[in-house]
Amino acid sequence: MNTSELTHTKPAVMCFSGLDPSGGAGIQADIESFASLGCHVCPMITSLTAQNTENLIQSYPVDSTILEQQADIIINDFSIQWIKIGLMGSPAVIDTLVKIANNNTTLNIELDPILAAREAKQLAGQVQKEKITHQLLPLTFLVTPNSQEAHELAPEFKSLADCAKQILDTGCKHILITDCKPNTNSIVNQLWNHQGIVQEDEWPRLPDTYHGSGCTLSSAITACLAKHKTLLEAVTIGQSFAWKACQQGQPLGQGQLLPDRFYWRPEHEAC
């Protein structure tokens, strides 16, 4: 990837996500990905979590009134065109995000719908899923669920094609479903719009598992969109960035590897 073309300007992006104390996922994964691709992040913490590279124990939502106040003063101060949303934490936070979007209609939203932790701990109950489906998705430019999350957002359908259509019918413009063929030697990601599949990409499946890989991908795509790349360019660059970051992942904890989101920087630049 030629990163030089992404560093001429530094757009400000507002990012809503949870705080992961391991530093692998959540808001730190977002900040590192955006910074690596030449964006400035205005971070909004939606939830405090107790987790590490092995397990997520609990999520503690932040007061939504704080988020609304933070977002209002940042939007009044910065030229924000893109919002990236990850872990939302509570129905009240979703209500606040919808209010922010409706009050600032020029904002573009990329949604990474984090619904469960890897050990199947649910992070979004039925009320949250309904609010996502009926209130947030209609305001979303791009949603990036993995195949499991796509099925959770459209539980009445078995095929991912039907899930994609149902999610798009909510009003969101595009959906990138990742790992459409689990338990294979490759990862297949499909980008859909209302006309069908726009782009399908296949990547070799790496041998390990990675903490924050989805956050890395969604933030990388949003960074490219904020830098005025087309959607197809952003999805292509974002996938390459996330795959290479995971390929260079490091076993800093006892569980999943942590992606190296600055993999492209020569080691001799470090102090």
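**Exercise 1. Which element joins strand 8 to strand 9, and through how many residues?**

*Solution.* A hairpin makes this connection, through two residues. Strands here are DSSP runs of E with at least two residues, helices are runs of H or I with at least four, and both are numbered from the N terminus. The model is predicted: local features need pLDDT of at least 70, side-chain atom pairs count only at pLDDT 80 or more, and totals for chains, interfaces and linings use all residues. Residues are numbered from 1 along each chain as its sequence is written, and side-chain values use heavy atoms, with hydrogens and water left out.

Next, consider the pairing, for which DSSP must find at least two bridges between two strands. Strand 8 and strand 9 are antiparallel and share eight bridges. Within this pair, Trp192 stands opposite Ile197 of strand 9.

**Exercise 2. Determine the strand order of the sheet and follow the pairing from strand 6 to strand 8.**

*Solution.* The sheet is open, has nine strands in the order 3-2-1-4-5-6-7-8-9, and shows mixed pairing. Its edges are strand 3 (56-61) and strand 9 (196-204), each of which pairs on one side only.

Strand 6 (residues 142-143) runs parallel to strand 7 (residues 174-177), with two bridges between them; Val143 has Ile175 as its bridge partner. Strand 7 and strand 8 run antiparallel and are joined by three bridges, and Ile177 is partnered by Gln190 of strand 8.

**Exercise 3. Is strand 8 largely enclosed or exposed?**

*Solution.* Apply the criterion for burial: under 20% relative accessible area, with a 1.4 Å probe and protein chains only. Seven of the eight residues of strand 8 (residues 186-193) are buried, so this strand is largely enclosed by the rest of the structure.

**Exercise 4. Describe the packing of helix 2 against helix 3.**

*Solution.* Begin with the axes, which are lines fitted to C-alpha atoms over the stretch in contact, with angles from 0 to 180 degrees between N-to-C directions. Those of helix 2 (residues 64-77) and helix 3 (residues 91-103) come within 9 Å and cross at roughly 25°. Helix 2 is therefore roughly parallel to helix 3, a class that takes angles under 35 degrees.

Then list the contacts, defined as heavy atoms within 4.5 Å. From helix 2, Ser64, Leu67, Glu68, Ala71 and Ile75 meet Ala92, Val93, Thr96, Lys99 and Ile100 of helix 3.

Definitions and conventions. Parallel < 35°, antiparallel > 145°, perpendicular 65-115°, else oblique. Buried < 20%, exposed > 50% of the residue type's maximum accessible area, 1.4 Å probe, protein only.
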